[in-house]
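Biologist: I'm new to this one and would like to learn how to read it. Could you put it up on the screen and walk me through it?

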Amino acid sequence: MKIKAISLALCFGMLVAGCNNTQKGAAIGAGGGAVLGAIVGKLAGNTAVGAAVGTAVGAGAGVLIGKKMDKVKAQAEAVKNAQVQEVQDANGLDAVKVTFDSGILFATNKYDLSTTAKNSLAEFARVLNTNNDCDVAIIGHTDSTGSDAINQPLSVNRANSVEAYLKSCGVRATQIKSVEGQGSTNPVADNSTEAGRKQNRRVEIYMYASKEMIQKAEQGTLQ
């Protein structure tokens, strides 16, 4: 609990100071890595994405990855219909979470992509192709309406549809590390309201540091 209290205090201090990714990358990378990263990740909505690196990432590498993710986030924010957030991965490193409302992507209870969805995902594919040293995780979600027997496969099929279209736009299969559906198990809003259910029906795409990116950052060569 003592470590947690110290870590939470550090997180609060970062928020008050208005740190950018570079400053936070240094703080996260400098000692305490894995433990602090896990706590920060949970606060930021981490879903356990992150390259397997075995040891805590150093402060200098954290700075370079923070700078890189600042650029990635800015590029993703230019994509139409994309909701972009800064998060941390399982290593405590800066990552980018991009959310697409399923109302934009799909018709009700369907997993065929709409024309609007294809246009937005084609834009996003260009971001992924430009930053092919980022690993990618795709997660589908539903609201709580209906049964798990319907919602779980629907969330999987929607995540798979997004993956397939991104790959058709040139995104390498090796860049996409995981594709899954979580049904209604991970809501971000109140399922008792229509507005909340709309937020919960979504596909999330995480861009995070690959093992190769981390190695470049440790060597000081990451651009």
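Biologist: Let me start with a single side chain: is lysine 198 buried, partly exposed or exposed?

Modeller: Before that, some ground rules: this is a predicted model, where local features need pLDDT of at least 70, side-chain atom pairs count only at pLDDT 80 or more, and totals for chains, interfaces and linings use all residues. Residues are numbered from 1 along each chain as its sequence is written, and side-chain values use heavy atoms, with hydrogens and water left out. Now, buried means under 20% relative accessible area, exposed means over 50%, and partly exposed is in between, using a 1.4 Å probe and protein chains only. Lysine 198 has a relative accessible area of 44%, so we call it partly exposed.

Biologist: Which residue forms a salt bridge with lysine 198?

Modeller: The general idea is that side chains of opposite charge can pair when their charged atoms come close. We call it a salt bridge when a side-chain nitrogen of Lys or Arg is within 4 Å of a carboxyl oxygen of Asp or Glu. Here the partner is aspartate 101, with the closest N and O atoms 2.5 Å apart. Aspartate 101 is buried, at 9% relative accessibility. It sits in strand β2 and lysine 198 in helix α8 (residues 194-200), so the pair ties together parts that are 97 residues apart in sequence. Helices (H or I, at least four residues) and strands (E, at least two) are DSSP runs, numbered from the N terminus.

Biologist: How many salt bridges are there in the whole structure?

Modeller: Nine turn up in the search. Some join into a network, which links Asp143, Glu194, Arg197 and Arg201. Within it, glutamate 194 meets arginine 197 at 3.2 Å, N to O, and arginine 201 also bridges to glutamate 194, with closest N and O atoms 3.2 Å apart. Arginine 197 and glutamate 194 are both in helix α8, three residues apart, about one turn of the helix.

Biologist: What about aspartate 135: which side chain of opposite charge is nearest?

Modeller: That's lysine 177, 4.2 Å away, and aspartate 135 is buried yet has no salt bridge. For charges, Lys and Arg count as positive and Asp and Glu as negative, while His and the chain ends are not counted. Aspartate 135 belongs to strand β3 (residues 134-141).

Biologist: Which way do β3 and β5 run when they pair?

Modeller: Two strands pair if DSSP finds at least two bridges between them. β3 and β5 run antiparallel, joined by eight bridges; one of the bridge partnerships is valine 136 with methionine 207 in β5. Strand β2 (residues 94-101) also pairs with β5 in the antiparallel sense, over six bridges. Eight of the eight residues of β5 (residues 202-209) are buried, so this strand is largely enclosed by the rest of the structure.

Biologist: How many residues are in the largest nonpolar core?

Modeller: In soluble globular proteins, nonpolar side chains tend to be buried together. A nonpolar core is a set of buried Ala, Val, Leu, Ile, Met, Phe, Trp, Tyr and Cys residues joined through side-chain atoms within 4.5 Å. The largest has 40 residues, and Phe124, Val162 and Leu166 have the most contacts inside it. Elements that each supply at least two of its residues include β2, β3 and β5. Apart from that core lies another of seven residues, among them Val49 and Ile139.
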